[in-house]
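Colleague: I am new to this structure and should be grateful for a close look at a single part of it. Please take the metal site and then its surroundings.

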Amino acid sequence: MKIVKVEAIPFAIPYVKPLRFASGEVHTADHVLVRVHTDEGLVGTAEAPPRPYTYGETQDSVVAVIEKIFAPQILGLTVLEREVVHARLDRTVGNPAAKAAVDMALWDLLGQCAGLPVSGLLGGFGDRMRVSHMVGFAPADVMVAEAERIRDTYGITTFKVKVGRNPYTEDVAACRALRTALGPDVELYVDGNRGWSASDAARALREMADLDLTFAEELCPADDVLGRRWLVAQSQVPFIADESATRAAEVTRELLGGSATAISIKTARTGFTASQRVLHQCEGLGVEMVMGNQIDGQIGTLCSVAFGAAHRSSSLHAGELSNFLDMSDDLLTEPLTIADGTLRVREGAGLGIAIDPEKLARYRLDV
Ligand SMILES: [Mg+2]
């Protein structure tokens, strides 16, 4: 079960509808398909979505760090030596999406070797998650129409609303329009992607106090250390750290420093191994978590639901698993489907990822 080859294949699939938020916008899924091959002919697969506005990684940098640094360090190791793999990958700082994809491809191999599903190996709590849909920046009436379409088509009743524009003329009004149109049975929470100041965020939260929000996420920059603590101390709902808590040490810092009271776990940046550490850290400290979305494609979404459904604590809230709906196509032979507001874990050994060779040939950028 030795690792004999690691591929990093850049590909690009356009979005039907771009996603816009405070720290950036996405028009094309310019991701990297990572495949780890063993000497027995098995192939572990995962996907790295580069997010330069959050982690500094680009499609080119993900390919380069995997091909030039990571692959030579892990060739010859067995799929059971995952701690050795991590010790070697961690010699390079940063590059979370590249490291996470290698980690998840190794778990895929582990499952295939054992003939068992990865979700079961991780914890086996359930076989599906409720889905939360992300509503990006648009005029309020367009955001409402989008949420209604998603609710009516897929049965989704939890929405994460992107905020971080002008809170008074745009964001609060959009949230109020959504609550009015969707009614009290729908769950709403907000994500600012650091777009507001602490004082604007505090005022906006007061103005939205009657909207029954479940969470508030990254409303102002975590680097505004005292301002953020001041804001979190007065928030009436759990305050989620996302891009400010991308690894275990940052989770500790944010939570113990009073700068967050809940954590977003994204397998796209912490894979399965480090995501499980963060999850256990949250359980130990007694804080809630949400399975976040790194604007994942279907492969990344399959990884997220495999992890989220595997644990009780990550299944308590709906997982952000629907961004792939905005993509024009994907690489899987059998596309994911969301029905009755839920997404199922794929059955079979490993992660159950089967890549359509014709689609890969059409969208890959390296040939
Ligand atoms: Mg976020």
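Modeller: The account below begins at the metal site and then moves outward. Please bear in mind throughout that this is a predicted model.

The magnesium ion is held by three residues: Asp-191 through OD, Glu-217 through OE and Asp-242 through OD, at distances of 2.0 to 2.3 Å. Along the chain, these donors follow the spacing D-x25-E-x24-D. Distant parts of the chain are thereby linked, for Asp-191 belongs to strand β6 (residues 187–191), while Asp-242 sits in the loop between β8 (239–241) and α10 (248–256), 51 residues apart. Asp-191 has a relative accessible area of 0% and is therefore buried. Asp-242 is likewise classed as buried, because its relative accessible area is 2%, and the limit for that class is under 20%.

Asp-242 deserves a further word. Leaving aside neighbours within four places in sequence, Asp-242 is in contact with Asp-191, Glu-217, Glu-218, Ser-264, Lys-266 and Arg-269. The list thus includes Asp-191 and Glu-217, both of which also coordinate the magnesium ion. As for Leu-256, 14 residues separate it from Asp-242 in sequence, and the two C-alpha atoms are 15 Å apart in space.

Two residues with an unusual backbone angle may be considered next. Most residues other than glycine have a negative phi. Glu-218, one of the contacts of Asp-242, has a positive phi of about 40° although it is not a glycine. Its place is the loop between β7 (213–217) and α9 (225–234), and Glu-218 counts as buried because its relative accessibility is 0%. Arg-194 also has a positive phi, near 70°, and is not a glycine either. Arg-194 lies in the loop between β6 and α8 (198–207). With a relative accessible area of 29%, Arg-194 is partly exposed.

The nonpolar interior comes next. The largest nonpolar core has 116 residues, of which Ile-66, Met-208, Leu-219 and Ile-263 touch the most other members. Helix α4 (residues 96–114) supplies the largest share of this core, 11 residues. A second, separate core of 5 residues includes Tyr-189, Phe-215, Ala-262 and Val-290. Tyr-189 falls within the span of β6, residues 187–191, and Phe-215 within that of β7, residues 213–217. Ile-263, a member of the largest core, has contacts beyond its neighbours within four places in sequence, among them Ile-240, Ala-241, Ala-245, Val-251, Leu-255 and Val-290.

Helix α4 also has a helical partner. The axes of α3 (residues 82–89) and α4 come within 11 Å and cross at roughly 170°. Angles over 145 degrees count as roughly antiparallel, and α3 and α4 are therefore roughly antiparallel to each other. Where they meet, α3 contributes Arg-82, Val-85, His-86 and Leu-89, and α4 contributes Lys-99, Val-102, Asp-103, Leu-106, Trp-107 and Leu-110.

Finally, helix α13 (residues 298–310) may be examined. Its 13 residues should span 18 Å at 1.5 Å a residue, and this agrees with the 18 Å between its end C-alpha atoms. Of the 13 residues of α13, 13 are buried, so this helix is largely enclosed by the rest of the structure.

How values were computed: Residues are numbered from 1 along each chain as its sequence is written. This is a predicted model: local features need pLDDT of at least 70, side-chain atom pairs count only at pLDDT 80 or more; totals for chains, interfaces and linings use all residues. Side-chain values use heavy atoms; hydrogens and water are left out. Donors are N, O and S atoms within 2.8 Å of the metal (3.2 Å for Na, K and Ca); water is not among the atoms, so sites may look incomplete. Helices (H or I, at least four residues) and strands (E, at least two) are DSSP runs, numbered from the N terminus. Buried means under 20% relative accessible area, exposed over 50%, partly exposed in between (1.4 Å probe, protein chains only). Contact means heavy atoms within 4.5 Å. A nonpolar core is a set of buried Ala, Val, Leu, Ile, Met, Phe, Trp, Tyr and Cys residues joined through side-chain atoms within 4.5 Å. The expected span of a helix is 1.5 Å times one less than its number of residues. Axes are lines fitted to C-alpha atoms, for helices over the stretch in contact, and angles run from 0 to 180 degrees between N-to-C directions. Angles under 35 degrees count as roughly parallel, over 145 as roughly antiparallel, 65 to 115 as roughly perpendicular and the rest as oblique.
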